[in-house]
Amino acid sequence: MNKLYDSRRVAQQIGVPYRTLMYWVETGLLHPEGYSGRKRTPVRFSEKDLVEAGRLVALRRYLSGQNLRDALGYLRLLGHNPLSTGKFVVIEQRDRTRAFFKVIRSGDEAISLGRRQSRSQRLLFQRTERELLAAVRAGRCRILYTCDTQS
């Protein structure tokens, strides 16, 4: 059986107020394994949930909560485990707009997770990780955040 962690301890461990962590759970930004959805029941976090919560804290430095909520909801619709596995990249373009991508394991495609498109218009971009890095080298953008987790 997976070990589950108390939500107050998790909040302390990832460095956010307890109420912030609970807001993320209540609004669907995080979906802990040990959460029944019923009020007044304790919320428990698995190891995978801890990784997701930590990743969320890091991404919040670069993206708005609503942007993240939209992106994670979209990934869930596609059947992707939102934050505990995979590679994520946040770039800033010359005009100071930020773009958020999830690179597919093969590295052959990247899913654009920006808010410019509606959910129905988002497509699997035919953009490779190499193309993103080439854009950085060419000075068209800069990487603000990247992480790669294989769980």
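Helices and strands here are DSSP runs, numbered from the N terminus. With that naming in hand, welcome to a quick tour of this predicted model. The chain has five helices and seven strands, and 45% of its 151 residues count as buried. Below are the overall layout, the helix packing, one helix in closer view, and a few single residues that may catch your eye.

**Overall layout**

- Following the sequence from start to end, you meet the elements in the order β-α-α-β-α-α-β-β-β-β-α-β.
- Contacts often bridge distant parts of the sequence: taking those between residues at least 6 apart, 53% join residues at least 24 apart.

**How the helices pack**

- Two packed helices are described by the angle between their axes and the distance between the axes.
- For α1 and α2, the axes come within 8 Å of each other and cross at roughly 110 degrees.
- That angle lies in the range from 65 to 115 degrees, so α1 is roughly perpendicular to α2.
- On the α1 side, this contact is made by Ser7, Arg8, Val10, Ala11 and Ile14, while α2 brings Tyr18, Leu21, Met22 and Trp24.
- Helix α1 (residues 7–14) also packs against helix α3 (residues 47–59), here at an angle of about 40 degrees and with the axes 10 Å apart.
- This angle makes α1 oblique to α3.
- The crossing of α1 past α3 is right-handed.
- If you would like to find this contact in the viewer, look for Val10, Gln13 and Ile14 in α1, which meet Leu50, Ala53, Gly54 and Val57 in α3.
- Val10 and Ile14 of α1 take part in the contact with α2 and also in the one with α3.

**A closer view of α4**

- Helix α4 covers residues 65–78, which is 14 residues, and spans 20 Å from its first C-alpha to its last, close to the 20 Å expected at 1.5 Å a residue.
- Most of α4 is covered, with ten of its 14 residues buried.
- The buried residues of α4 are Gly65, Asn67, Leu68, Arg69, Asp70, Ala71, Leu72, Gly73, Tyr74 and Leu75.
- Just after α4 comes glycine 79, whose phi is positive at about 90 degrees.

**Threonine 27 and its distant neighbour in sequence**

- Threonine 27 sits in the loop between α2 (18–26) and β2 (44–45).
- Its relative accessible area is 30%, so threonine 27 is partly exposed.
- Although threonine 27 and arginine 69 are 42 residues apart along the chain, their C-alpha atoms are separated by 8.6 Å.
- Arginine 69 is one of the buried residues of α4.

**Arginine 96 and its backbone**

- Most residues other than glycine have a negative phi.
- Arginine 96 is not a glycine, yet it has a positive phi of about 75 degrees.
- You will find arginine 96 in the loop between β3 (86–93) and β4 (98–103).
- Arginine 96 is exposed, because its relative accessible area is 60% and the cut-off for exposed is over 50%.

**Cysteines**

- A disulfide is a covalent bond between the sulfur atoms of two cysteines.
- Counting cysteine sulfur pairs within 2.5 Å, the model has zero disulfides.
- Cysteine 141 has 10% relative accessibility and therefore counts as buried.
- Cysteine 147 is likewise buried, at 10% relative accessibility.

Methods: Residues are numbered from 1 along each chain as its sequence is written. This is a predicted model: local features need pLDDT of at least 70, side-chain atom pairs count only at pLDDT 80 or more; totals for chains, interfaces and linings use all residues. Side-chain values use heavy atoms; hydrogens and water are left out. Helices (H or I, at least four residues) and strands (E, at least two) are DSSP runs, numbered from the N terminus. The expected span of a helix is 1.5 Å times one less than its number of residues. Buried means under 20% relative accessible area, exposed over 50%, partly exposed in between (1.4 Å probe, protein chains only). Axes are lines fitted to C-alpha atoms, for helices over the stretch in contact, and angles run from 0 to 180 degrees between N-to-C directions. Angles under 35 degrees count as roughly parallel, over 145 as roughly antiparallel, 65 to 115 as roughly perpendicular and the rest as oblique. A crossing is left-handed if the near helix is turned anticlockwise from the far one by less than a right angle, and right-handed if clockwise. Contact means heavy atoms within 4.5 Å.
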